[in-house]
Amino acid sequence: MRHDLPVPYRTALKPYGRALVELARTRPEIVCLTGDLTRQCEIDVFQEAFPDRFIHCGMSEANMVGVAGALARSGFTPFLHTFGVFATRRPLDQIVNAVAYPHLPVRIVGFMPGISSPGGPSHQAIEDVALMRALPGMTVIDVADATQTRQVVTAIADIPGPVYLRLKRGEIPVIFPDDHPFSLEHAQVVMTGGDDAVVVAAGMMVAPALAAADMLIRSGVGASVVNVPVIKPLDTATVLRAAQAARVVVTAENHSVIGGLGSAVAEALAEAGLGRPLRRIGLADTFAEGAASAAYLFTKYGLTTQHIIETAWAALALPGPPPRAPDLATNAGEYAPV
Amino acid sequence: MIAHKLIDDSRESAAPAERAERAGQNEPTEPTEPTDRMESREPSDHIDWRMDSFFTPGPDSRLASLPDGVINLTASIPQLQRLATAIRLRAVRMVAPAGLGYLGQALSAAEQYATVYGAALRPGTDRIICSPAHYVIAAYAAAAETGLLDEACLAGYGRDGAALEAIGTERSPVPDYTCGSLGQGLSAAAGFALADRLLGRPEARTFAFLSDGELQEGQVWEAALFAGHQRLSSLTVLLDANNSQVDGPVDSITTIEPVAAKWQAFGWQATDLDGHDLAALTHALAACTGADRPQVLICRTSTRQGLTCLPPDADGHFIKLPAELAAAAEAELTAELARYAA
């Protein structure tokens with residue numbers, strides 16, 4: 001399962017929007033709500049295909065959540081779209097009262113996760129996973145690529161309760177083949193190459209986790225990668241099995257290290273009484289400022305392939321300098337992790 | 001649609017100052033002090049047809065021409081007066097064991113709940129939203145009076161382990177939606193009205209009870225914008241303007257007037273009326289039939305209405321009702337109720 005990373009990855013456009021349209025063809029109960037970010041959330045294709053089921057809510061996220069709750073109570077399955085910050089941080093009380101507490105099948109889809117936006121702290125969803133994870137009954141998902149984006153849309157169709165789906169915006173890498181298995185119940189061991197370090201990653205950090213593990217393995221260090229698309233409910237069995245086999249555990253998330261994947265893994269390890277050195281890669285309790293590009297921010301705040309390599313290297317107390325991550329040039333339409 | 005277009009053209013030529021002047025011609029009537037002595041008067045209906053010019057129906061408004069559910073009022077004024085009194089009496093009995101509670105809300109809104117539950121609501125067809133969840137006491141009382149709720153469960157209202165919580169929750173019976181976090185009900189109401197449109201249920205209506213203090217929450221105005229744009233004409237708001245909130249009279253905390261003009265500017269049909277005047281209330285509610293936009297009835301009320309035994313400085317948000325006062329209130333309302341039975 002290693003040494004064949006198709007890096008740089010090819011990319012897909014609008015895998016989410018197209019998948020939602022396909023699903024909606026056979027699901028008349030699906031309605032699509034937008035908070036003035038239609039094209040950015042890939043649902044312009046839904047508007048074209050099903051204008052009668054497409055609802056403009058404008059820049060009124062609190063109202064949009066309330067409307068979605070009532071539509072769900074009336075038998076619809078609303079998919080609600082905006083950027084992650086405006087989908088979670090802004091209407092939190094409305095999500096609690098109108099969606100989570102009544103346990104309604106509203107799908108809250110927040111685009112542009114973490115520091116993938118150079119738009120400053122106002123546009124960076126760095127605590128959305130933490131906020132949504134804290135709500136009773138909320139399923140929280142952060143997928144890694146276009147294949148899983150397509151798969152997850154169908155997978156969440158029939159979940160009886162609410163879902164928060166966190167999606168990258170723009171060109172989406174294709175990391176996994178079409179037939180790659182996907183399950184809401186199971187985290188996936190997507191690379192196995194020894195038992196020194198396991199990197200547990202979600203969303204946009206899966207690609208750098210794979211690249212980092214690949215480099216560690218090439219350098220003679222045993223490494224594996226667990227992809228956790230569903231952060232809540234966490235597949236603790238898979239995470240604990242991988243952690244049990246490894247000497248150190250490194251988590252990697254495009255999110256604050258507080259309250260997200262790293263916290264969830266820490267809780268699982270502690271509650272199982274499984275003692276492993278744990279390093280959490282993510283935003284170290286800081287906002288992210290000063291950039292024109294996401295790559296700059298990933299580097300500045302330590303969310304890179306190199307940072308994962310160095311973190312594992314240090315946690316394992318290995319001698320000498322850690323290996324360097326390859327600097328991958330990309331052409332238009334290609335994607336490589338920073 | 002053609003009318004919109006024509007008016008659209010004229011709007012372009014109207015200077016801002018001229019538009020402001022036009023708007024001035026349509027100011028709502030002076031808010032009136034609600035008193036028992038108040039005479040019934042014709043409710044005024046301030047529809048500014050020029051508002052049409054500001055609305056371009058969105059692509060999702062294509063179904064807006066569906067006919068509305070007709071509001072047929074199925075009870076007489078004396079019947080509703082009796083029901084309003086019975087709601088007050090039941091509310092007194094629910095609050096009395098604790099010695100304090102959300103009695104003022106039931107006193108100010110009794111006529112509104114009586115009118116909707118007693119004369120307009122078609123269970124199974126229409127929906128009811130009780131936006132401020134502490135008003136749910138009035139919904140419980142009305143539902144018990146109209147046979148929608150087993151009156152036996154009222155006895156446990158607000159107590160540990162009871163089915164009826166004082167601030168409504170998801171497990172509260174009676175309203176289709178209520179929420180203790182204020183200002184959220186209108187969004188739910190708009191969602192229900194939109195769902196009825198999408199489901200092809202033109203006969204269904206959504207009645208949403210709101211309160212004036214809630215108007216300080218921004219979400220109310222997000223929802224008002226949305227419902228106005230979508231022309232959710234099956235949606236009727238009964239706004240209990242009792243001028244009461246936790247810190248004191250609403251108008252001493254934040255100026256929310258002119259209330260009617262605000263709703264009109266958001267694309268609503270707004271009617272300002274004495275909320276204790278059942279003739280005005282029923283007339284205004286019936287007049288909502290056939291509207292081409294959502295409607296709001298701004299019901300001017302008092303949190304002490306119907307109980308002369310309450311002290312003039314009673315805290316309308318959370319009335320204290322010690323045993324002696326509770327007994328006086330019980331006696332006063334029981335006597336009042338007997339008048340209707342006679």
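Buried means under 20% relative accessible area, exposed means over 50%, and partly exposed lies in between, with a 1.4 Å probe and protein chains only. This is a predicted model: local features need pLDDT of at least 70, side-chain atom pairs count only at pLDDT 80 or more, and totals for chains, interfaces and linings use all residues. Residues are numbered from 1 along each chain as its sequence is written, chains are lettered from A, and side-chain values use heavy atoms, without hydrogens and water.

**Chain B overall**

Chain B has eleven helices and nine strands. These are DSSP runs numbered from the N terminus: helices are H or I with at least four residues, strands are E with at least two. Of its 342 residues, 55% count as buried. A contact means heavy atoms within 4.5 Å. Among contacts in chain B with a separation of 6 or more, 82% come from residues 24 or more positions apart. Chain B exposes about 13800 Å², and carbon and sulfur atoms supply 54% of that area. Accessible areas come from the Shrake-Rupley method with a 1.4 Å probe; for residues, only the protein chains shown count as cover.

**Helix 10 of chain B**

Helix 10 spans residues 278-286. Its buried residues are L278(B), A280(B), L281(B), T282(B), A284(B) and L285(B). They pack against helix 3 (77-95), helix 4 (103-120) and four strands of chain B, namely strand 5 (206-211), strand 6 (235-241), strand 7 (269-274) and strand 8 (295-300). D277(B) caps the N-terminal end of helix 10. A side-chain oxygen of D277(B) lies 3.0 Å from the backbone nitrogen of A279(B).

**Salt bridges**

Side chains of opposite charge can pair when their charged atoms come close. A salt bridge here is a side-chain nitrogen of Lys or Arg within 4 Å of a carboxyl oxygen of Asp or Glu. The structure holds 28 of them over all chains. Three within chain B are listed below.

| Pair | Closest N to O distance |
|---|---|
| R122(B) and D126(B) | 2.6 Å |
| R171(B) and E165(B) | 3.1 Å |
| R231(B) and D292(B) | 3.4 Å |

The partners vary in exposure. R122(B) is partly exposed at 30% relative accessibility, while D126(B) is buried at 7%. R171(B) is exposed at 52%, and E165(B) is partly exposed at 24%.

The salt bridge of R231(B) with D292(B) links two loops. R231(B) lies between helix 7 (218-230) and strand 6 of chain B, and D292(B) between helix 10 and strand 8, so the pair ties together parts that are 61 residues apart in sequence. R231(B) is buried at 8% relative accessibility; D292(B) is partly exposed at 39%. Shared partners also join R82(B), R90(B), E145(B) and E151(B) into one salt-bridge network.

**The interface of chains A and B**

The contact takes 25 residues from chain A and 26 residues from chain B. The area buried between the chains is about 2000 Å², with 58% from carbon and sulfur atoms. Buried area is the accessible area (1.4 Å probe) that two parts lose on being put together, summed over both. One salt bridge crosses between the chains. In that pair, E170(B) meets R73(A), with the closest N and O atoms 2.8 Å apart.

On the side of chain A that touches chain B, strand 3 (54-56), helix 3 (61-73) and helix 5 (92-100) each give two or more residues. Helix 3 of chain A gives the most, with eight residues.

Technical notes
A polar contact is a pair of N or O atoms within 3.5 Å; within protein, one must be able to donate a hydrogen and the other to accept it, and residues adjacent in sequence count only if both atoms are side-chain atoms.
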